[in-house]
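Colleague: Could you take me slowly through one part of this model, namely the aromatic rings and how they pair with one another? I would like a careful, connected account that a first-year student can follow.

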Amino acid sequence: MHCVYSADLAALISHHGPAMIKRQPEIPSHALTDYWSTSRSRFELWHQLLGRYREYEKSGNSDRLKRWWKEHSVVLEEVLVTEMLTRVVAAIACGLESESTSKEVSPVTQAVQTSHLEVRNRVQQVMLFGRGNSVHDVVRLNRLRQGVERWTDAMVGRMSSEHPAMMQYAIDPNRAAEYADEMRAYGEGAAKNTAAWLMNAAMHDVIRRRTSNLAALPKSNRQVAQSVMKLLRPELFDDTGVMKSLWLQRFELGNELTDQFMKTEQPHEKSEALPVGENAVQGERWYI
């Protein structure tokens, strides 16, 4: 599994995050354990690869350093990109905790996010002070880092428009707050959904163009993504990635179809169109 699909999953979750939090899904304990174990396994593999680099650096073997960069620079890409999913999952857990009495999920997701941050810091050290790499490698990875940070703040920001506590998982809180304001301006309904899907598509395009074609740890990436879906109950989504209505969820569970259930799904409030020229920079951020 390529890391860009981890970013896509993060975008999908951040789009539906507020709705999922309102439904307050019960997180199975085995799913939480699976998320922890798969994440830890991937962290260990990353640390082993970075440790090997340090060994080559201490030995002064320039040939091995150059070979390492050629073979494993994609690992650095994956560390940077997959942090998007880690932060979004931690933010969702924070939102769930604020809406319910459950305090079991957030400590685990926070610990995973902290561990991921440690690996990311090691990657940035290699980018800045490492040997054996070319200027082109550093510039390319730095552009990827900048794009990842911007899109991470966009995802956290649009979720925090309804749950301000999530803002702690933004990289740049001020930038995330701007995205939160933009989401509020769209209101509810088609305009907000369209803006979210356009932003997701633009994010995919940017990340795909700034990463390699090959995946370094496809199996580990897939396992982490699968554990995330277990956490967030995949039955909430249809085959196209759209969140099912509460009415449809109840129907699938075999609950009695009554007028009371039909009334549960309230129509979205119509969103007011933004005047021409107002907040004109909104669309520009999608393609940075």
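Modeller: Tyr53 is buried in this predicted model, with a relative accessible area of 0%, and because the cut-off for being buried is under 20%, that value falls within the buried class. Its partner Trp69 is likewise buried, with a relative accessible area of 3%. The rings of Tyr53 and Trp69 form an edge-to-face aromatic pair, with 6.4 Å from centre to centre and 85° between the planes; the name edge-to-face applies because planes over 60 degrees apart are classed in that way. This pair links distant parts of the chain, since Tyr53 belongs to helix α2 and Trp69 to helix α3 (residues 62-99), with their positions 16 residues apart in the numbering. Trp68 also comes into the picture, as ring pairs join Tyr53, Trp68 and Trp69 into a cluster.

A search of the whole structure finds 4 aromatic pairs, and one of them is formed by Phe43 and Trp46, whose rings are tilted, at 5.8 Å centre to centre and with 50° between the planes. Phe43 and Trp46 are 3 residues apart in helix α2 (residues 29-59), and they are therefore separated by about one helical turn. Both of these residues can be placed in the buried class as well: Phe43 has 3% relative accessibility and so counts as buried, while Trp46, at 0% relative accessibility, counts as buried too.

Conventions. Residues numbered from 1 in each chain as written. Predicted model: local features only at pLDDT ≥ 70, side-chain atom pairs only at ≥ 80, totals over all residues. Heavy atoms only, no water. Phe/Tyr/Trp six-rings, centres within 6.5 Å; stacked < 30°, edge-to-face > 60°. Helix = DSSP H or I, 4+ residues; strand = E, 2+ residues; numbered from the N terminus. Buried < 20%, exposed > 50% of the residue type's maximum accessible area, 1.4 Å probe, protein only.
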